[in-house]
Each structure stands twice: as C-alpha cells, then as structure tokens.
Amino acid sequence: MTDQQITCDLLVVGSGLGGLATAITAAKSGLSVIIAEKEPLFGGTTARSGGFMWVPCSGPAQRAGIEDNLADARRYLEAETGNFFDAARVDAFLEHGAEAVEFFETQTELRFDVAAALPDYHAETPGGRTGGRPLGAQSYDGRALGAEIRRLRPPLREITVAGMMIGSSKDLPHFLNVLRSPRSFAYVARLMLRYGLDLVRYGRSMRLTNGNALVARLARSVFDLGIPLWTSAPVTQLLIEDGRVAGAVVTRDGSAVRVQARSGVVLATGGFPQNRALRARLFPHAPDGQAHWSPAPPGNTGDGLALGQSAGGHLMTDLPHAAAWVPVSLVPQPDGSGNPFPHFVDRGKPGMIAVAGRGKRFVNEGRSYHDFCQAMVSACAGAPETCAWLICDHPTLRRYGLGFAKPQPVPIGHLVRNGYLRRGATLADLAQETGLDPNTLAQTVARVNTDAASGVDTEFGRGTLAYNRYLGDPTVRPNSAFGPVQAGPFYAVKLVMGDLGTFAGLRTDAKARVIDADNQPVPGLYAVGNDAASIMGGNYPGGGITLGPALVFGFIAGRGIAADRQAERGARAV
Ligand SMILES: Cc1cc2nc3c(=O)[nH]c(=O)nc-3n(C[C@H](O)[C@H](O)[C@H](O)COP(=O)(O)OP(=O)(O)OC[C@H]3O[C@@H](n4cnc5c(N)ncnc54)[C@H](O)[C@@H]3O)c2cc1C
C-alpha cells in the first residue's frame, strides 16, 4: 500500500559516482533532487574502488604538462571498441570531459590528482598515451562528513592494511619500499601513527583515499546542497503517466513512498554484478551464475536494468564482454566463505608467474586484469573450472606480497595455515599442494628462469608493453617486469574469475536518455554509470574507464535535464 507522496524535480536511484554526479549537477542547475539508495550505506561500488576516472585532456592533466588531444583519444577509443564504437556517445564523453572535471573541481568538494605515470592499458594502440588520462580523487579528511561518515560505505577490507586505506598512486610505492628506504619508512610510520590515533578517537580511519575519498567528497557537496540522500530506500517501481516516467515508488521504513519527479528518473544502480540469473545468462565462464566472485557490494543486483526495461528501455547484451573482468583470490572467512581479493598489481611484479591446466603459463601476466581474465578463460576452455595459480618464490613474496599476503614485515603464517597460500619447499612439493603436474611446472619455471636471466620473455613478451613496465619494478634488471622463480620455499595462490562492474546495460544516447527497441528515447528516463551500456565496447582501454564516463555522463544528464526543465518552464510562462 502506498502511504506517502513526495514531489521533486528529479529522482536519482543509487548513490555511486553516477548518481552523485548527476544529482549534484542537477541541483547546482536549480532542480530539486532526491537520491534514493537501497543499502543502509551510500557510495556503492564506487566507495570500494580505486577511484580512477579516465577523462582525457582534463584541466588537471594540462596543468601537469600532459601532452594529449581529443583526436588521439577518439582514435584510441575507435581502435579499442571496434564494431561497437558508438561515435555519438564517445564524442559527447570526450567533448564534455574537461568541462565536467572543471565543474566538479570548481563547484564541489571534489579535487583531482593526475595519474601521470599510469599508461593506457594498450598504450601502443594508435592514439594511446603512456600516462595522464586517469584522474584520482585527492585523499580526504573523513571528519568533514561529521556523523554522516557512519553512512559511508567503507573500502573493501581485503585491500586495506588492517582497515587502513592505502592510496593507489602515492601511498602504495612507500608501503612496498618500507624496509628499503628511510623516506618510505618515515612516510608509512606517519600514516600508521595517524591511523592509530584515528582508531582510538573515532574507531576507524579518517584518512580517506581512492574511491572512498571520491564518494566522501561528493557526499559533502550533496549535504551542502541540501539534497536528501535516503538510505535503506530501494526503488521498486517506476511511475509511468501519459507515456512518460513521472517518478517511482521507494520503500522507506517499511512503507511505500510515491515520489513524483517532474523531470523524471535517473537510474544509477550500478549494473548487475550480484545478479546470479543475469550472470548465468551473460558470463560464459559461469553458466550457473555461481563460478564468479564479485567484489561489488551486495545491492548491485541489476534493479536499474529491470526498472528500465519495465518502461520500455532496451537492454544491450551483445558486447563481447558483459563485465570488466578481474582475477580474484578468495580470502577464507570464519564462516567458511571466501571474500574476493582483486589482483590488480602483484601479477605484474618480476618473479610472479601465472599457470593454468597442468602448469603452463598462458599470458603476459602484466597485462590488464580484463585481458588477463580473457586469457584465463581461453586457457581453461573445456576444463571443469576456470582458474589459475599465481606463483612466486619466497624473496618475491616478501618483497611485493602475493594477493592478500602482505610484504615483509607482515606475517604470513596464518595464511598458509588457513589454506589461502599454498607453500612447497620445492617446486615438486608446490605442484603436489596445487594439483599441478610437477614436470610441466618444472619445465615452465626452467624456461622463465632462463628468459629472466637474459631479460627477454620469449613466450609472452612481458616487459615490452608500457603497462607491464608500470606494474613492474624499475630497480630490477635486465627486465623490470620479469624475474626468476628460484629461491624456495615457493608459494601459490589460486585465481578465479571476478569483475569490477558490468558493461552490459541499458542502451542510452549522448544525453544519457534511455533508448527503447525502436531507438527512441523513453520520455523521462535516464541511465548513468553501469546501468548504461558501456561506451568501451566490452574492452578495458585504461584505468578509470567506468568511473570516467560515470562522472561525465552524470554531468551531461544533470545539466541537460535542468536545461529541459527550464525550457519547459519558459514555454509555460509565455
Ligand atoms: C575493488 C574495485 C576497484 C575499482 N577501481 C576502479 C577504478 O579505479 N576506476 C574505475 O573506473 N572503476 C573501478 N572499479 C569499478 C567501479 O567501481 C564501478 O564500475 C563504478 O563504481 C560503478 O559506479 P555506479 O555509479 O554505476 O554504481 P555504484 O557505485 O555501484 O552505485 C550503485 C548504487 O545503487 C544502489 N542500488 C542498487 N539497486 C538500487 C535500488 N533498487 N534502489 C536504490 N538504490 C539501488 C546500490 O546499492 C549502489 O549503492 C572498481 C571496482 C572495484 C570493486
């Protein structure tokens, strides 16, 4: 039963980057906005993310002296997306990217850092760049959120150090060098001290980084603008009046609230990584929907896609990859389950190799997580399970860590005891521990060690790509991205398939309007973030290619909807 009715200009469904960016832009342009978030915490996958946003030719990049131009960015996306190049949407994204960044930089709490050294993942492709297209959010003092910080979704615990957030660009290199450089030691000691004080005073880390800082900064602006951000408030149904989406039903405190939205509804529910039926339909490696582990939050069950379809929106499912793949290992939990740890960095360190099947390498391990997983699926074709083992020796593990196992001086014994890490005194022992064939593994490692001595990966060319070298270790010679596996004991961790968010989604146009099967906009309905089909054609061209478009299309949608409303008001006044 519907108990209550509320009217606003715009209802935004979901509080990740897509939703927050749209809501803020629309409110700044004069609309009254409500954000409804299904979960008790706001921030979605965005709050768990690295927070990188791929936006070529932004103001911060120009100020940092990055040489780039939109024609090259367009050429790059054209090459990366192939048959799925959507010129209208790509052009809208590129043309409004710098403008959107400037808007958030000058009108909101958001401040950007340029990832000047983070290359496009296929930087060698025409139009690719070796750095400067991804932007990160500057770290943020959580105290600025006051009591609201209790509603902010925390980062993925598995990628923190016992709850302390580590910034991907600035902090991580210091953590990896903590026992090698006095400067890094002092840096880490300062962070740990601050974390300790935060724990005593606030019971949590107040130095927010990555996606958590991104969400917290935007949330600060949401609260400053007086935008109601309802949590535990799932949208369950769209209201359609005279062929137009005119609002939605939201459940709040157990009651159904009818929200009338004069300018319509924006779907920003973050796609379907946690929807088992859609996974079974669209993830070929998981035909039962189960052999897949997503680090996305539990609420991302594809509600936006179902709501969009209920109003006539067309679901685009033909992209070559329905999600952004990432290899994950499962960190054992007391209840017997496993939490996914996404392997972004370790795979590319010298001395790490990945093997599948009987024990053969199958990929240049330092390629992007999306490419790595595609190779893993191919290597496991016909096998009962899609999985691989990431292997290294003792010095490599203690130098860089291995998945959830941290580098020296953090102890690792408990991770051997609980089965997360497999350990063998010899390679033959490790083969027994992992079920690999000892001879195949020995041959694989022998070839790796010969190649590592010469610095040439004769099998997969590791070290030849800009992204390999970014992930590598510049202090290692002769190949900074490729090293030997020789000094036992040896370790392995099992990799399985995961995702960072989904690519398949509602078809939208250059104004973020949801498009129906006849290619017509559904009046009053918009989709941003992962509810909109990705403009990347199922590919993963660079760090930040889901959050960059979420920011820019949020901006485009918010401004466009406000402009339409103003035009309507003007027309009525005449
Ligand atoms: C560990 C990790 C690192 C990542 N790093 C990066 C990175 O650096 N750069 C990058 O580009 N991408 C990254 N990603 C992917 C990125 O985080 C997501 O693609 C992005 O956050 C999706 O944003 P969104 O706004 O579409 O959805 P989300 O941020 O997931 O927000 C959607 C929200 O909608 C809510 N919702 C769902 N259903 C309803 C409903 N019925 N009613 C109301 N609310 C609802 C959800 O609860 C959720 O809070 C990473 C992902 C992970 C897991």
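How many bridges join S10 and strand S11 (residues 255–267), and in which sense do they pair? The two strands pair in the antiparallel sense, over 6 bridges. That pairing is a good way into this predicted model, and we will come back to it after a look at the whole chain.

## The chain as a whole

The chain holds 17 helices and 22 strands. Its radius of gyration is 24 Å, close to the 25 Å that the globule rule gives for 574 residues, so the chain is as compact as a globular protein of that length. Taken along the principal axes, the C-alpha atoms fill a box of roughly 80 × 55 × 50 Å.

Of the 574 residues, 59% are buried. The exposed surface of the chain comes to about 22000 Å², with carbon and sulfur atoms supplying 52% of it. If you look at contacts between residues at least 6 apart in sequence, 73% of them join residues at least 24 apart. As for charge, there are 56 positive and 51 negative charges, and their mean positions lie 6 Å apart.

## Strand pairings

Strands of a sheet pair through backbone hydrogen bonds, either parallel or antiparallel. The pairings below are antiparallel, and each row gives one pair of bridge partners.

| Strand pair | Number of bridges | Bridge partners |
|---|---|---|
| S3 and S5 | 2 bridges | Trp-54 and Pro-134 |
| S9 and S10 | 6 bridges | Gln-237 and Val-249 |
| S10 and S11 | 6 bridges | Arg-252 and Ser-255 |
| S15 and S17 | 3 bridges | Val-355 and Trp-389 |
| S17 and S19 | 6 bridges | Asp-393 and Phe-490 |

Strand S9 (residues 235–241) and strand S10 (residues 244–252) form a hairpin. There are 2 residues between these strands, and Asp-242 in the turn has a positive phi of about 50°. S10 then forms a hairpin with S11, with 2 residues between them. In that turn the residue with a positive phi, of about 50°, is Asp-253.

Elsewhere, an open sheet of 3 strands has the order S3-S5-S4, with antiparallel pairing. Strand S3 (53–54) and strand S4 (112–114) are its edge strands, each pairing on one side only. S3 is joined to strand S5 (residues 134–137).

## Strand S17 and helix H11

S17 is mostly covered, with 6 of its 6 residues buried. Ala-388, Leu-390 and Cys-392 point one way from this strand, while Trp-389, Ile-391 and Asp-393 point the other way. Two of these residues have already appeared as bridge partners: Trp-389 pairs with Val-355, and Asp-393 stands opposite Phe-490 in S19.

Which elements do the buried residues of H11 pack against? They pack against strand S13 (323–332), strand S15 (353–356), strand S17 (388–393), helix H16 (466–471) and strand S19 (490–502). The buried residues of the helix itself are Tyr-369, His-370, Asp-371, Phe-372, Cys-373, Ala-375 and Met-376.

One of them, Asp-371, sits in helix H11 (residues 369–379). Is Asp-371 buried or exposed? Its relative accessibility is 11%, under the 20% cut-off, so Asp-371 counts as buried. Not counting residues up to four places away in sequence, Asp-371 touches His-122 and Asn-539. The C-alpha atoms of Asp-371 and Tyr-121 are separated by 9.3 Å, although these residues are 250 residues apart along the chain.

## Two more buried residues

Val-328 lies in strand S13, one of the strands against which the buried residues of H11 pack. With a relative accessible area of 0%, Val-328 is buried. Leaving aside neighbours within four places in sequence, Val-328 is in contact with Trp-293, Pro-340, Phe-341, Pro-342 and His-343, and also with Lys-494, Leu-495, Val-496, Met-497 and Gly-498. Ala-189, by contrast, is 139 residues from Val-328 in sequence and 29 Å away in space, C-alpha to C-alpha.

Ser-184 is found in helix H7 (residues 182–202). This serine counts as buried too, at 5% relative accessibility. Residues up to four places away in sequence aside, Ser-184 touches His-174, Asn-177 and Val-178.

Terms used
Residues are numbered from 1 along each chain as its sequence is written. This is a predicted model: local features need pLDDT of at least 70, side-chain atom pairs count only at pLDDT 80 or more; totals for chains, interfaces and linings use all residues. Side-chain values use heavy atoms; hydrogens and water are left out. Helices (H or I, at least four residues) and strands (E, at least two) are DSSP runs, numbered from the N terminus. The radius of gyration is taken over C-alpha atoms; the globule rule is 2.2 Å times the number of residues to the power 0.38. Buried means under 20% relative accessible area, exposed over 50%, partly exposed in between (1.4 Å probe, protein chains only). Contact means heavy atoms within 4.5 Å. Accessible areas come from the Shrake-Rupley method with a 1.4 Å probe; for residues, only the protein chains shown count as cover. Lys and Arg count as positive and Asp and Glu as negative; His and the chain ends are not counted. The place of a charge is taken as NZ of Lys, CZ of Arg, CG of Asp or CD of Glu. Two strands pair if DSSP finds at least two bridges between them.
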